[in-house]
Each structure stands twice: as C-alpha cells, then as structure tokens.
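Hi,

Here is the structure I said I would pass on. Have a look at it first, and my notes come right after.

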Amino acid sequence: MGKVIGGLTTSHIPAVGNAMANKLEQDPYWKRFFDGYKPVISWLEKEKPDVVIVVYNDHGLNFFLDTVPTFAIGCADSYANDDEGWGIPTTASFKGDAQLSWHLSESLIEQGFDMTMCQEMKVDHGCVVPMNLMFRHLPEWPCKIIPLAVNTVQHPMPSAKRCYDLGKALRVAIESYPEDTKVAIFGTGGMSHQLQGERAGIIDVEFDLECMHNIVNDPDKMTALTNTNIMERGGTEGIEVIMWMVMRGAIAPNVNLLHKHYHAPISNTGAGVLLMTDATD
Amino acid sequence: MVWKKHDYDNLPGTVVFDGECTHTSYNLNKMAFSFNSPENRAEFADDMDAYCRKFELTDDQRVAVLDGDFPALLRLGGNIYYLAKIAVFHGMTMQDAGAAFQNITTEQFKQKLADNAAGFQQHLEKRGGYWNG
C-alpha cells in the first residue's frame, strides 16, 4: 500500500538556486541557511522515499495567466525544467509516476477536490530549488516526483483551510494506492515576504515563528487565518505558506517533529524548515 | 459593470494581484511571459518599442517598459513574477525593483531586510527547539 513516510517544508526562492549553482554554501551569508538542511538530507537518505510530492506554485513557466488552475497535478512519466526567462540555471528532468498520479487524481476528485490534470507540465524553480536543496549531492535524482501546483499568483487563491483539507484527502488517496510506495511530501515557499509595492521588504519573524509553531502543534490556528490575514502580516508573497498546509494535512494530527530551522533574511524572505512524521505514541 | 471591493484593498503599500489587476494588464504580462523563449528575448532586445506594439501594450505600459519604470509597471498591473522577466533587460534584480518601489537604493533595501530580521536568533532561543547552528 502507499504510505506517507513524512513531510517537510522548505523555501524555494530562486536566489537559493543561484547560490547552489555558484557553490556558495560556505559563504558567510548562506552557511547557516544551508547547514539547516543537513538533518533533512540525512533523513531522506535514510528513509529513501520512492516518490516525493512537491507542493509548489508555478511563477510563469508552465502556466500563464490565461489559464490558472487552483490545484494542478502532474500526471506524466517525466517533468522537465526550462528557461524561466531571467537566468536561473536549468536542471536535469525528473521521472514521474503516472500510475500513482492518476490514482491520486481519481481519489482526490472523488473526495471533492477538482484537480487539473497535466500530462505535460514544466516545473519551475518552485519545484526545482527544493529538489536541488535535498538531492544535489547525488549523481541523479534518487526518487520520482509528482508536482502539485497551487495557485499563489493570482487572487482568488485557495484558503489555508482548503489547502489543509487537500492534504488530508491526499493522505487518503496515497494510503489507498495498491502498490507499496513510500511517499514524502514537500510543502514549499514562504515565509514572510513581499516583493512589490512600497511595503516590499517586510519580514515578520514573530509571524513566521507563530506559523511554524501552529503548523506543527495547532494547525487549526493556521486554518483560521484568511488570506488577507496572512498577507497583512506575512506579505503578498508570504501567502505561499498556505502550501505548507497541504503537507501538514497529509501528516497525522499528532506529529513527531524531527527538525526545525529558521533563518532570515535569505534574499527577500524569512526561510523556515520543518521535518515531521506521524507521531508514534 | 463594477469591480467588487475587497478587504485587502487598503493594505498599505501593497498591490494585491486579483481579477481587476490581471484583467487590465493582460497584454503586459503576456509579453513578459513570451520572454521565456530566447528567440523572443532577442527580438525584444533588438527593438523594444516594436515588440511592445506587437503585444498591443497601452502607451503608458510601453513607456514604462522602455524606461524600466517598475513603480509604474506595478501600478499598471504588472505581476511581480512577470516583471522579473522584464527587469533583467534593465540589468535589475528583484531587490533592485524592491528598492525602486520605495525610491531607495538597493543597499538601503538590503539593509531594510536585515533590520526587519535583526535579532531573530533571540526569538528562536525564546521559543526553543530550533536548530541553532
């Protein structure tokens, strides 16, 4: 049967992609940020997921504003990265798992989540930077991926509650897959940041840490927030934290928190890392 | 016909990219999306004015693109992720644009980010349980 072996959260900012491409991990600006990923990398090496579901948002590579799906899932055998127009280096393609994707789509739609199914789906830095953060030391990607894109670009966007419920449905879907498959979920993006307007440059450490605490211990406090509440404190692009709630929904109500890390500023953002599994007690 | 009001309309110094915003700036963002292709980037670099006209930008949008006027492009509905694809032609990063939105230098903008995050490690210690490297 399919099994959710754990979930993690990570930033996906392009500056991190450029820092990795330029091997700046030991640079004083970056060192503490990258060191904060070591326990997550070790956990992935030990647990060896067969498939990673990467919850991310597309920033104008695969989806233009002509068609904006609220929730889109890749249903292909492979996914390519491509030129985003402004110079972030591209990476090797990823293997998909079409059978699992179609099973997830069927189950999610049956459960009331009307996914957009994509048989061709280019994955941008939102998906690629997290994969590089976890696996760039290996000669090739060690697992398959299923990209799950959430609209965090154009309002109206799904609420934190809707994302959390999608995660719960995703768990039901994974656990009803007939083949033994270890699945990890990456919730990407965040944390507080605003790229545009006179308020560009906000970072609210206290809000970020509240979010991290509540995502682990009290997700209902996160789902009580409206998207306007999140933007007020976390900034317009800080809304990406709703994608962490998809991951959280796929983990049991009580969790074992294996790792917690925060650093700021990284580029324009606060950057948080969480690693959790179902509580065993 | 009327654009509905929202509870986020009055967030200070903030543009929320919603239906009204995206509707009025569709061609501008569409042009920026075309820059994912190197051939289109070359064509734009060769004659920016003609390329803007091909995408039927408004005069205001076209002038703002040519001038690299990011506060104006934002006001005219440009989405920040699509403006990033325009910024490179003016040798600008998102941090340069962030500074331009508030008429400060990029160094001042970076300092603002650092100031906003200052003391975060004390916050982590207070809450406990964080990896502290």
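Below is what I found, starting with the sheet in chain A and ending with the contact between the chains.

One thing to keep in mind throughout: this is a predicted model.

**The sheet in chain A**

Eight strands of chain A make an open sheet with mixed pairing, and the order across it is β6-β3-β7-β2-β8-β1-β10-β9. The edges are taken by β6 (116-118) and β9 (255-266) of chain A; each has a single partner strand, so one side of each is left without a neighbour in the sheet. From one strand to the next, the twist averages 20°.

At the β9 edge, β9(A) pairs with β10(A) (residues 269-278) in the antiparallel sense, over nine bridges. If you want a spot to zoom in on there, A:H259 stands opposite A:L275 of β10(A).

Two helices of chain A pack on this sheet. Helix α5(A), residues 125-135, touches β1 (2-10), β2 (51-56), β7 (144-150) and β8 (181-188) of chain A, and its direction makes about 135° with that of β2(A). Helix α6(A), residues 160-175, touches β1, β3 (71-74), β7 and β8 of chain A, and its direction makes about 150° with that of β1(A).

Now for the β6 end of the order. β3(A) and β6(A) run parallel and are joined by three bridges, whereas β3(A) and β7(A) pair in the antiparallel sense, also over three bridges. A:I73 shows up in both pairings: its bridge partner in β6(A) is A:M117, and in β7(A) it is A:L148. Moving on to β2(A), that strand runs parallel to β7(A), with six bridges between them. A:L148 turns up again here, as the bridge partner of A:V55.

So much for its partners; is β7(A) covered on one face or both? Both faces are covered: A:K144, A:I146, A:L148 and A:V150 lie on one side, A:I145, A:P147 and A:A149 on the other, and all of them are buried. That fits the count for the strand, with seven of its seven residues buried. As background, side chains in a regular strand alternate between the two faces of the sheet.

**A helix pair in chain A**

α6(A) also packs against helix α10(A), residues 242-249, at an angle of about 30° and with the axes 6 Å apart. Since angles under 35 degrees count as roughly parallel, that makes α6(A) roughly parallel to α10(A). The crossing of the two is right-handed. On the α6(A) side, the residues making the contact include A:C163, A:Y164, A:L166 and A:L170, and on the α10(A) side they include A:I242, A:M243, A:M245 and A:V246. By class, the contact of α6(A) with α10(A) has ten nonpolar, two polar and four charged residues.

**Where chains A and B meet**

Between the chains, 46 residues of chain B are in contact with 43 residues of chain A. On the chain B side, α2 (26-34), α3 (38-46), α7 (80-87), α8 (94-101), α9 (106-117) and α10 (120-127) each supply at least two residues. Which of these helices gives the largest share? That is α9(B), with six residues. The side of chain B that touches chain A divides into 26 nonpolar, 13 polar and seven charged residues.

One helix pair across the chains is easy to pick out by number. The axes of α7(A), residues 205-217, and α10(B) come within 10 Å and cross at roughly 30°, and the crossing is right-handed. There, A:V205, A:E206, A:L209 and A:H213 of α7(A) meet B:F120, B:H123 and B:R127 of α10(B). The contact of α7(A) with α10(B) has three nonpolar, two polar and two charged residues.

α7(B), one of the helices that supply residues to the side touching chain A, is mostly covered, with eight of its eight residues buried. Among them are B:Y81, B:Y82 and B:K85. The cover over the buried residues of α7(B) includes α2, α5 (59-67), α6 (70-75) and α8 of chain B.

That's everything from my side for now. Shout if you would like to go through any of it together.

Cheers

Conventions:
Residues are numbered from 1 along each chain as its sequence is written. Chains are lettered from A and ligands numbered from 1 in the order in which they are written. This is a predicted model: local features need pLDDT of at least 70, side-chain atom pairs count only at pLDDT 80 or more; totals for chains, interfaces and linings use all residues. Two strands pair if DSSP finds at least two bridges between them. Helices (H or I, at least four residues) and strands (E, at least two) are DSSP runs, numbered from the N terminus. Axes are lines fitted to C-alpha atoms, for helices over the stretch in contact, and angles run from 0 to 180 degrees between N-to-C directions. Two residues are in contact if their C-beta atoms, placed from the backbone, lie within 7 Å. Ala, Val, Leu, Ile, Met, Phe, Trp, Tyr, Cys and Pro count as nonpolar, Asp, Glu, Lys and Arg as charged, and the others, Gly among them, as polar. Angles under 35 degrees count as roughly parallel, over 145 as roughly antiparallel, 65 to 115 as roughly perpendicular and the rest as oblique. A crossing is left-handed if the near helix is turned anticlockwise from the far one by less than a right angle, and right-handed if clockwise. A residue is buried if 20 or more other C-beta atoms lie within 10 Å of its own, exposed if 12 or fewer, and partly exposed in between; C-beta atoms are placed from the backbone.
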